[in-house]
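Hi,

As promised, I am handing over the structure we talked about. Have a look at it first, and then read on for what turned up.

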Amino acid sequence: FDEMSLLDYAINAALVISNIAIKKDDKAGIITFSNRISSVLPASRKRDQIHRIQQTLYNQLTKYQEANFELLSSFVMRRINQRSLLLIFSNFETLASFRRQLPYFVALKKRHLPVIIFFKNTGMDKIIKDNTNNSTEQIYTQVIAEKYMYEKQMIVKELKKYGIYSILTTPKNLSIDTINKYLELKATGVI
């Protein structure tokens, strides 16, 4: 996506939102994970925290393994005792892959405020809007693309049904949409 990986976009958004949170006198910390917990930086509002967050995120690489949300949920429930806003950057391409993880988000919601942040597939938008030819193959491809886009919307609805906030956004709008959600939650007194 514009020569950046989804991880790059997530790192940038995490840095921006962490900086804003600390300036608003909130604490910011980081947990990175894939199939295991990679790094943990406890939340703090100290002046050097942004530098520490940068150092933690600088070494992150996409592992291309399914994220272990059970491990994350268990870790957070054991180690973070104070109710916290959890901005969870991930990606779900199908409703089935999301539903496997839903019980862990519901468990997190019992003590924390998780916000599940995942990406619209901008390539699918282009496929759906492409009207260059009306071949059977193109129509089939568009129907499949519409199904995937529909499933992303269903994930948002399912999260809402459980009272879990979400952000479904394009990589380009990730930082601004994350900031807006944070400010919205602060303004409404949810955090």
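A residue is called buried here when its relative accessible area is under 20%, exposed when it is over 50%, and partly exposed in between. By that cut-off, four of the five residues of strand β5 (residues 165-169) are buried, so the strand is largely enclosed by the rest of the structure. Please keep in mind that this is a predicted model.

What does β5 pair with? Its partner is strand β4 (residues 113-119), and the two run in the parallel sense over five bridges. If you want one pair to click on, Phe119 has Thr169 in β5 as its bridge partner.

The other pairing I would show you involves strands β1 (residues 28-33) and β2 (residues 37-44), which are antiparallel and are also joined over five bridges. Three residues lie between β1 and β2, and the two strands form a hairpin. Within it, Ile31 is bridged to Val40 of β2.

Now for the chain as a whole. It holds seven helices and five strands, and from the N terminus on their order is α-β-β-α-α-β-α-β-α-α-β-α. For 191 residues, a compact globule would have a radius of gyration near 16 Å; the chain comes out at 18 Å, which agrees. The C-alpha trace spans about 60 × 35 × 35 Å along its principal axes.

How much of the chain counts as buried? The figure is 37% of the 191 residues. About 11300 Å² is exposed, and carbon and sulfur atoms supply 52% of that area. Contacts reach far along the sequence: taking those between residues at least 6 apart, 71% join residues at least 24 apart.

On charges, there are 28 positive and 17 negative ones, and their mean positions lie 11 Å apart.

One last residue to look up is Ile139, which sits in helix α6 (residues 136-161). Is Ile139 buried, exposed or partly exposed? With a relative accessible area of 42%, Ile139 is partly exposed. From Ile139 to Ile128 the C-alpha distance is 8.9 Å, with the two 11 residues apart in sequence.

If you open just one view, I would start with β4 and β5, the parallel pair, and then turn to the hairpin of β1 and β2.

Happy browsing, and all the best

Terms used. Residues numbered from 1 in each chain as written. Predicted model: local features only at pLDDT ≥ 70, side-chain atom pairs only at ≥ 80, totals over all residues. Heavy atoms only, no water. Rg over C-alpha atoms; globule rule 2.2 N^0.38 Å. Buried < 20%, exposed > 50% of the residue type's maximum accessible area, 1.4 Å probe, protein only. Contact = heavy atoms within 4.5 Å. Areas by Shrake-Rupley, 256 points an atom, 1.4 Å probe, with all protein chains shown as cover. Lys, Arg positive; Asp, Glu negative; His and termini not counted. Charge placed at Lys NZ, Arg CZ, Asp CG, Glu CD. Pairing = 2+ DSSP bridges.
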